[in-house]
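Open the model in your viewer and keep the sequence beside it. The tour below says what to select and what is there.

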Amino acid sequence: GAITAGDRVIVNTNGTVTKVGLSYTAISPIDGLSGSDVNYPDASKDTSYWRVTKIKDNYFFLAYRNETNSNRLDGAQFYIQNDGTVTLNTSSQTLFSGQHRIIDVAHDPDREQAVIVYKKNSDGKIYFRTIRVDSTTAFATGSEVALNNSTYTPTSESNASLSYDTAADKFIFVLAKDVAGSNYCNVRTVTITGNDTITFGTAVNVETNACTFVDAAFDSTAGKHLIVYKDGTVTADDLYGVVATVSGTSISLGTAVAIETSDNTISKIAYSTTDSKFLLTYLSEVGSGQSSKYKAITISGTSLSAGSTASVSMNTAGMSGYTSSLVYDPTLDKFYHIHRQNYIGKFIDLELSGTSVTTGSAVNSRNGNSVADQDVAYDSASNRFLFVFQNGATNKGLYQVWNSSSSATNLTTENYIGIAAASASDSASATIDV
């Protein structure tokens, strides 16, 4: 394969050179999936609105509503070492003592922190706050910053999305019904400087009306975001996608494309760094006997195209935006969709092949027991997934730590020869500094 200037390289038995790297072998079944639930914060507190994201290498941040303690907003930090050992807050840290609704959490890789977005019931405003590692057992927070002075109606996770742009070094924030913007579906940039300084760009109309079930993710190859949303003003609630490009604090949008014109709901997207494509999942309808749909989405310039549809039949009773989550596994180039089927926790693995999607079989995520609100995130340093969720029968908080693959290096004491002096394409001659 190709090598880049500065890569450490080895010599192969046939005389060619390859960069030092890891290969991965699937662990089947996934270690830690189903049957290994651990209570958090404990077995006595009712919880909801579970959300999780990475803070930095080896560290996760999770947030939830503590219903036992006046529906306050609590958070916790999980430190997962490379061997899978878990160190966590002995007790949760309170972020906000009043009633609230968690809207989204997201990773800021450039500043090695997380960002949480939530709405306070006391004043109806939407707030942003940064989360940073303080020690192996505690996190620190920045000051909360209001999006604006507008009062928002109850806003769920399905009606807003935060997506980080590694090229522009800022987030975009999509809001399905922006009270400060004529109740339209809008997107704006969110710029974070240091720990506490958060500023917002001018809102841009995704639709000149409200929408629902929005999600956004970043294409690191194209340097653009994909925004998906359901337009409630169109017959059958069409599902649309649109490409968003960030320049400074401004956002430009391509032409929206109808991805699905039949009844649909609860759309989620995730990006494959290997295939340079998104996977989109959505439900055909909510109710018994319906199905989960999957499509590959490709960005080209400011346009997008959708591949063929793959379907998995299921009883989707009990599904909502908080009960469905999609995550990418870069070690195996797979996606994992966790969701609720007739109130039971389920897990499906999916793979892209060109513009087609191959679906695995739905398996239990917790031995056939029920789940409610749930989320999952991945950390490349520990090669672990953190799955957090609400027990559907008792409302208590639970988590699992998954390991989907084992790794092996191609480096030995005999084959290392040096550093690539310059970049070279596959099969080309290369100069190596030994």
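How many bridges join strand β11 (residues 113–120) to β12? Select both strands: 6 bridges join them, and they run antiparallel. Strands here are DSSP runs (E, at least two residues), numbered from the N terminus, and two strands pair if DSSP finds at least two bridges between them. This is a predicted model, in which local features need pLDDT of at least 70, side-chain atom pairs count only at pLDDT 80 or more, and totals for chains, interfaces and linings use all residues. Residues are numbered from 1 along each chain as its sequence is written, and side-chain values use heavy atoms, with hydrogens and water left out.

Next, pick Val115, whose bridge partner in β12 is Thr130. In the hairpin of β11 and β12, with 5 residues between the strands, select Gly124, which takes a positive phi near 75°.

Move along β12 to Ile131, whose bridge partner in β13 is Thr141. β12 and strand β13 (residues 138–141) pair in the antiparallel sense over 4 bridges. In strand β12 (residues 126–135), 7 of the 10 residues are buried (under 20% relative accessible area, 1.4 Å probe, protein chains only), so β12 is largely enclosed by the rest of the structure.

Now turn to the rings. The structure holds 21 aromatic pairs (rings of Phe, Tyr and Trp, the last by its six-membered ring, with centres within 6.5 Å). Select Tyr40 and Phe78: their ring centres are 5.5 Å apart and their planes at 70°, so the pair is edge-to-face (over 60 degrees). Both Tyr40 and Phe78 are buried.

Note on methods: Rings of Phe, Tyr and Trp (its six-membered ring) pair if their centres lie within 6.5 Å; planes under 30 degrees apart count as stacked, over 60 as edge-to-face and the rest as tilted. Buried means under 20% relative accessible area, exposed over 50%, partly exposed in between (1.4 Å probe, protein chains only).
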